[in-house]
Amino acid sequence: MKYYSTNKASGLVDFKEATIKGQAIDKGLFFPEKIPHIEKDLIDNIEKISNEEIALRVIRPYVGNTIAEDKLYEIVCETVNFQIPLKRVNEEISSLELYHGPTLAFKDVGARFMSRCLGHFVQDDTRKVTVLVATSGDTGGAVANGFYEVEGIEVIILYPSGKVSPVQEKQLTTLGKNIKALEVNGTFDDCQQMVKQAFADADINNKLFLTSANSINVARWLPQQFYYFFAYKQWHDKNNPPVISVPSGNFGNICAGILAMQSGLPVKHFIAACNANDVITKYLVSEKYLPQKSVATLSNAMDVGNPSNFVRILEIFHHQFPELKKKLSSFSFTDEETIKAIKEVYKKENYLLDPHGAVGYLALKEYQSQNNNCNGIFLETAHPVKFPEAVETAIENKIKIPDELKSLMYRNKQSILLDNNYQQFKEFLLK
Ligand SMILES: *Cc1c(COP(=O)(O)O)cnc(C)c1O
């Protein structure tokens with residue numbers, strides 16, 4: 001399998017090179033030259049196949065011969081070694097709980113897969129690799145955890161000061177060792193902008209061997225397809241495939257789902273569930289893509305004003321708007337509606353949503369109110385305890401903090417303060 005750049009101004013690369021580079025030199029995103037077809041047997045017999053084997057068979061064609069079969073199997077086993085249950089909320093709606101990994105966020109899957117691939121690729125390299133990553137909350141923790149103590153790799157995480165939840169902040173600032181957290185006086189978009197600028201900066205690239213761990217990296221993006229196969233494996237009505245609603249920010253997760261569908265996974269329709277950051281919701285109405293400044297919401301991991309993976313979605317549909325519209329809808333919701341949904345679902349269904357999952361739930365309900373016969377799944381992307389304020393306001397009750405989190409909250413934050421100033425960031429990297 002080869003990958004081309006979505007800007008089409010640089011050459012083809014294999015999975016190894018795409019993983020090490022992160023982004024193409026022409027600043028495009030890497031995209032697989034051909035979308036592979038999933039073997040029919042995998043779909044027909046999915047209930048009998050282990051998650052590890054499903055993952056291996058899904059990712060194998062994308063990795064090609066850059067990782068030997070037994071090593072790849074080892075990597076996927078470490079990637080999917082926690083539960084991903086599909087829970088029935090009511091007759092029409094199920095929740096795919098992606099938050100049972102080590103940092104209680106779905107990004108654990110991508111971060112674990114990528115860290116192990118990258119560690120494998122650089123093991124004979126004498127250069128030290130620096131992973132640069134901007135986070136709106138969950139990426140940082142998942143990447144920090146995934147890369148912690150991986151030999152030969154240093155991780156630098158930029159996060160917007162005061163705009164991540166207390167648990168998220170602890171997860172990304174308390175590990176130390178090869179993980180450094182930069183606390184930026186700005187928004188997530190500012191952090192992402194600085195990271196992008198660093199990748200394009202010749203002075204920095206002459207001195208450091210940089211790569212990214214954002215969902216633009218194929219090794220983080222592609223394994224997210226696994227969730228959709230695991231969802232289908234547990235889906236009760238195989239004759240009537242699910243509509244799937246995905247709480248979306250940078251659109252990496254939903255784009256992986258759409259890729260899985262294009263390669264043969266039965267899915268009826270995708271819904272991009274958004275908060276007030278509604279660039280794509282608007283695009284699907286007007287066909288005009290107008291990036292905005294991100295606004296802060298309760299579902300902060302989705303506060304993205306210019307989603308980087310959107311270009312990959314266009315690529316999947318060959319930039320054909322009518323085709324895209326047939327398969328993808330989008331709705332956006334306010335914080336008020338989000339809180340109301342958490343409250344109602346807790347009361348009526350005895351199911352506790354986090355603010356991201358609540359947006360996913362609302363979008364699925366909205367689609368179902370406009371279309372017949374479309375039972376579906378929303379992805380529950382974070383554990384409710386990661387957002388105690390919003391959730392406790394909604395349910396007017398305390399939520400129980402798991403023991404792992406309690407000890408985390410006692411650990412010392414180690415962060416380096418930084419202004420929203422590229423020069424200052426550059427000096428930090430070069431010193
Ligand atoms: C990152 C994240 C999202 C958004 O995922 P994208 O792939 O960026 O669209 C949604 N929910 C949670 C909890 C997240 O951490």
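Mentor: Before we start, one definition: a polar contact is a pair of N or O atoms within 3.5 Å, and within protein one of the two must be able to donate a hydrogen and the other to accept it. Keep in mind, too, that this is a predicted model.

Trainee: Thanks! So where does Thr 66 use its side chain, and what does that side chain reach?

Mentor: The side chain of Thr 66 reaches the backbone oxygen of Val 63, at 2.8 Å. Thr 66 itself sits in the loop between helix 3 (51-63) and helix 4 (69-79).

Trainee: Is Thr 66 buried or exposed?

Mentor: Buried means under 20% relative accessible area. Thr 66 has 15% relative accessibility, so it counts as buried.

Trainee: And which residues does Thr 66 touch, apart from those up to four places away in sequence?

Mentor: Asp 14, Phe 15, Lys 16 and Phe 121.

Trainee: Let's zoom out. How many helices and strands are there in the protein chain?

Mentor: The chain has 20 helices and 13 strands. Its radius of gyration is 20 Å, close to the 22 Å that the globule rule gives for 431 residues, so the chain is as compact as a globular protein of that length.

Trainee: What box do the C-alpha atoms fill?

Mentor: Along the principal axes, the box is roughly 60 × 50 × 45 Å.

Trainee: And what share of the residues is buried?

Mentor: Buried residues make up 62% of the 431. As for the surface, the accessible area comes to about 17400 Å², and 48% of that belongs to carbon and sulfur atoms.

Trainee: What about contacts along the chain, how many are between residues 24 or more positions apart?

Mentor: Counting contacts with a separation of 6 or more, 75% join residues that are 24 or more positions apart.

Trainee: Switching to charges: how many positive and negative side chains are there?

Mentor: There are 48 positive and 51 negative side chains, and the centres of the two sets lie 1 Å apart.

Trainee: Back to single residues. Where is Phe 82?

Mentor: Phe 82 is in the loop between helix 4 and strand 3 (86-88). Its relative accessible area is 11%, so Phe 82 is buried. Setting aside residues up to four places away in sequence, Phe 82 touches His 100, Gly 101, Pro 102, Asp 108, Val 109 and Arg 112.

Trainee: How many Å separate Phe 82 and Tyr 99 in space?

Mentor: They are 9.3 Å apart, C-alpha to C-alpha, and 17 residues apart in sequence.

Trainee: Okay, and where does Pro 307 lie?

Mentor: In the loop between helix 13 (279-286) and helix 14 (310-316). Pro 307 is buried, with a relative accessible area of 5%. Beyond residues up to four places away, its contacts include Gly 249, Phe 251 and Tyr 289.

Trainee: Which helix holds Thr 338?

Mentor: Helix 16, which covers residues 335-349. At 1% relative accessibility, Thr 338 counts as buried. Outside the four places either way in sequence, Thr 338 touches Pro 355, Ala 358, Val 359 and Leu 362.

Trainee: Last one: is Ile 401 buried or exposed?

Mentor: Neither label fits: Ile 401 is partly exposed, with a relative accessible area of 28%. Ile 401 is in the loop between helix 18 (388-395) and helix 19 (403-409). Leaving aside neighbours within four places in sequence, Ile 401 is in contact with Val 385 and Lys 406.

Note on methods:
Residues numbered from 1 in each chain as written. Predicted model: local features only at pLDDT ≥ 70, side-chain atom pairs only at ≥ 80, totals over all residues. Heavy atoms only, no water. Helix = DSSP H or I, 4+ residues; strand = E, 2+ residues; numbered from the N terminus. Rg over C-alpha atoms; globule rule 2.2 N^0.38 Å. Buried < 20%, exposed > 50% of the residue type's maximum accessible area, 1.4 Å probe, protein only. Contact = heavy atoms within 4.5 Å. Areas by Shrake-Rupley, 256 points an atom, 1.4 Å probe, with all protein chains shown as cover. Lys, Arg positive; Asp, Glu negative; His and termini not counted. Charge placed at Lys NZ, Arg CZ, Asp CG, Glu CD.
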